Amino acid sequence: MKWIIRVNTRTGDIVRQEATEEEMHWGGRLLISKFLIREVPPSCDPLGRYNKLIIAPGLLGDTFITTTGKFSIGGKSPLTRGVKESDVGGEAGKKIARLGIKAIVLEDLPEKKTPKVLFVNSKGVRFSEFANLKGKYVSETIQLLREEFGREVGIICIGPAGEMTMGGAGVAVTDANDIQIRYAARGGLGAVMGAKGVKAIVVDDSEAIAPKMYDESLLREVSRTLTQALLEDPKTENRHKFGTPAILMIANELGLLPTRNFSLGQFDKAEEISGERIAEVIADRGGEGRSGTPCTRGCVISCSNVFPDPSGKKTVASIQYENIVLLGANCGIGNLDDIAELNRLCNEVGVDTIETGAAIGVAMEAGVIPFGDAEGAKDLIRQIGRGTYLGRILGNGVVITGRLFGVRRIPAIKGQAIPGYDPRALKGNGVTYTTSPMGADHTAGNAFETARTINPLGKEGQIENSRRLQIRAAILDTMGLCLFTRPPFVKNPELFALFLKGRYGWDVNYEDVQKMGIETLETEREFNRRAGVSEEYFDIPEFMREEPLPPTNAVYDISMEEMRRIWEVQIPKDIF
Ligand code: SF4
């Protein structure tokens with residue numbers, strides 16, 4: 001991967017540059033942080049001409065290593081007003097990488113907002129108007145693009161929420177068979193794409209020349225080691241059977257499951273929306289329902305699913321932990337068919353389920369509709385798609401919704417909704433949400449995985465733990481590996497160095513890889529500091545320091561001063 005494609009969305013000019021020696025060492029999240037700090041004025045309007053939307057496969061994106069179809073989309077976030085990187089599965093990332101493209105960068109702003117499509121193949125890049133896509137839902141957009149470009153292309157697109165530049169808008173990516181729609185959901189990157197007038201990016205790698213690996217036999221050997229270790233890990237089987245919702249009952253038991261706008265940590269209908277229940281429903285209904293499907297080709301974990309309606313017809317794919325918690329428990333909704341439909345509507349309109357579920361929870365607290373009103377919630381999401389006044393409020397996220405309705409309990413940090421782990425009962429995530437350059441984003445360093453070894457209600461060890469998890473996430477996002485591949489790397493971090501050696505011939509060890517993760521975080525922090533949204537000045541929401549969370553009755557009690565220590569924490573050079 002050596003090409004950087006720059007598209008000026010105002011003039012239509014396209015420039016293809018060869019990556020410099022330094023840029024060749026950047027990928028995924030690290031590349032996004034470096035491009036942002038070098039090219040985007042930190043104080044710029046996230047929806048203005050100086051922000052850029054950057055799409056970048058990870059450093060291992062063009063290899064055959066499991067889960068490396070994951071890729072990064074980033075820019076300055078309209079929600080946090082700081083750096084945002086959101087990683088996503090699907091097909092397009094691998095295709096971009098196979099075309100030898102290191103990054104696609106969308107720049108400037110169009111003079112008129114007729115939807116445009118960027119088509120990329122081995123012969124070049126075309127940027128053209130597609131007026132018929134205006135306002136289309138995501139599945140209609142995909143269908144129309146399939147008619148134009150065929151079944152084999154990878155598609156990255158936005159829904160009407162992105163076109164209307166709503167802060168809760170995400171970027172959708174197709175999978176191999178248009179069964180799942182995957183999302184780079186967080187931070188409002190769909191709004192950045194919409195501001196650039198780009199409705200879709202279509203990637204055709206049918207004539208791509210297979211990339212040359214530096215040492216293919218080494219790469220194959222290490223790849224086999226990773227795959228084997230993943231297959232032997234008990235977490236893999238659990239994820240394969242029950243998907244990410246496998247953890248829902250544990251989260252409920254620990255009292256950290258956001259319920260009824262973060263007022264409770266347990267949901268009385270948790271069992272009905274658990275991973276186990278989902279697997280049962282899928283098996284009972286049959287038809288198009290599936291458990292254990294991959295979101296990107298070649299993933300040996302395959303934690304996704306296809307959730308069917310009672311007749312066996314697909315409602316949504318994939319129904320995941322965060323979606324179920326924020327659209328379900330957090331809104332007092334305990335029926336899986338309702339949650340699946342809410343999830344489907346979010347995917348169609350093109351909004352982040354976390355941001356939207358949190359915004360609806362706040363609207364419920366304000367009395368717009370009652371808690372548990374699934375039909376009312378569906379109507380609210382449809383209103384986002386239509387761009388009604390109420391829809392525009394909700395579509396712009398939980399903070400705007402809370403402010404406009406005068407709700408004090410707004411579950412957000414730095415402008416972005418808190419995901420499915422209440423930080424009062426999982427203190428490590430409070431540290432991550434507050435100190436990570438990504439804001440309230442569990443994928444930046446999720447302490448749930450250590451909840452059995454580090455007391456989630458206590459303070460002890462949380463700062464060090466979050467620091468380690470944040471570095472870990474930055475490394476995986478830079479490599480283009482799924483976060484769920486971590487167990488083998490914990491046992492043997494040198495696998496990273498072997499991968500880089502096999503792919504590029506780099507003479508590195510794990511210490512160098514760890515430095516790469518730290519460099520990513522430091523670059524992001526510096527961008528945020530210059531943007532005036534430094535991590536040092538954002539706290540957990542005030543209500544979480546005051547309101548005990550039943551049933552543990554925990555409050556968030558790690559002070560800002562204590563959390564600021566995180567940047568001095570040294571993680572041993574051999575610990576992943
Ligand atoms: S483990 Fe799950 S999220 Fe990760 S790449 Fe595989 S299917 Fe996608």
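Visitor: Where is the place of T165?

Guide: Welcome! This is a predicted model, and in it T165 sits in the loop between α5 (160-163) and β10 (171-174).

Visitor: Why is T165 called partly exposed?

Guide: The relative accessible area of T165 is 22%. Buried would need a value under 20%, and exposed one over 50%. With 22%, T165 therefore counts as partly exposed.

Visitor: What makes the phi of T165 worth pointing out?

Guide: Phi is positive there, about 50°, although T165 is not a glycine. Most residues other than glycine have a negative phi.

Visitor: Which value does phi take at D108?

Guide: D108 is not a glycine either, and its phi is about 65°. You will find D108 in the loop between β6 (101-107) and β7 (116-121).

Visitor: Why does D108 count as buried?

Guide: D108 has 11% relative accessibility, and buried means under 20%, so D108 meets the cut-off.

Visitor: How do you know that the peptide bond joining A317 and S318 is cis?

Guide: Look at omega, which is about 5° for this bond. S318 belongs to the loop between β15 (314-316) and α11 (321-327). A second cis peptide bond runs from P550 to P551, with omega near 5°. P551 is in the loop between α22 (542-546) and α23 (560-564). Most peptide bonds are trans.

Visitor: On to pairs of charges. What makes E107 and K52 a salt bridge?

Guide: The closest N and O atoms of E107 and K52 are 3.1 Å apart. The cut-off is 4 Å, so the pair qualifies. E107 lies in strand β6 and K52 in the loop between α2 (28-39) and β3 (53-57), so this salt bridge ties together parts that are 55 residues apart in sequence. Both E107 and K52 are buried.

Visitor: Which residues are linked with E107 and K52 in a network of salt bridges?

Guide: R6, E23, R38 and E39 are linked with them in that network. A search of the whole structure finds 50 salt bridges.

Visitor: How do you know that K112 and E129 meet in a salt bridge?

Guide: Their N to O distance is 3.1 Å, and the limit is 4 Å, so the pair counts. K112 is in the loop between β6 and β7, while E129 is in strand β8 (residues 124-129), so the pair connects parts that are 17 residues apart in sequence. E129 is partly exposed, at 42% relative accessible area.

Visitor: Why do D422 and R424 count as buried?

Guide: D422 has 0% relative accessibility, and R424 has 0% as well. Buried means under 20%, so each of the two qualifies. Their side chains also meet in a salt bridge, 2.8 Å from N to O.

Visitor: What makes α13 largely enclosed by the rest of the structure?

Guide: Of the 13 residues of α13, 12 are buried, so the rest of the structure largely encloses this helix. Among the buried residues are T353, E355, I360 and M364.

Visitor: How do you know that the span of helix α13 agrees with 1.5 Å a residue?

Guide: Helix α13 (residues 353-365) should span 18 Å at that rise, and its end C-alpha atoms are 18 Å apart, so the two agree. Helix α12 (residues 336-349) has 14 residues and reaches 20 Å from its first C-alpha to its last, close to the expected 20 Å. Helix α12 is mostly covered, with 12 of its 14 residues buried. Those buried residues include L336, D338, C346 and V349.

Visitor: Which residues form a nonpolar patch on the surface?

Guide: I400, L404 and F405 form it, with about 260 Å² of accessible area together. I400 belongs to helix α16 (residues 398-405). Membership in a patch needs over 30% relative accessible area, and I400 has 38%, so I400 passes and is partly exposed.

Visitor: And the ligand: which residues come nearest?

Guide: Of the 13 residues around the ligand, C295, C299, I301, C303 and C482 come nearest. By class, the shell holds 7 nonpolar, 4 polar and 2 charged residues.

Conventions
Residues are numbered from 1 along each chain as its sequence is written. This is a predicted model: local features need pLDDT of at least 70, side-chain atom pairs count only at pLDDT 80 or more; totals for chains, interfaces and linings use all residues. Side-chain values use heavy atoms; hydrogens and water are left out. A residue is near a molecule or strand if one of its heavy atoms lies within 4 Å of it. Ala, Val, Leu, Ile, Met, Phe, Trp, Tyr, Cys and Pro count as nonpolar, Asp, Glu, Lys and Arg as charged, and the others, Gly among them, as polar. Patches are made of residues with over 30% relative accessible area and no salt bridge: like charges are joined within 9 Å, nonpolar side chains (Val, Leu, Ile, Met, Phe, Trp, Tyr) within 5 Å. Accessible areas come from the Shrake-Rupley method with a 1.4 Å probe; for residues, only the protein chains shown count as cover. Helices (H or I, at least four residues) and strands (E, at least two) are DSSP runs, numbered from the N terminus. Buried means under 20% relative accessible area, exposed over 50%, partly exposed in between (1.4 Å probe, protein chains only). The expected span of a helix is 1.5 Å times one less than its number of residues.
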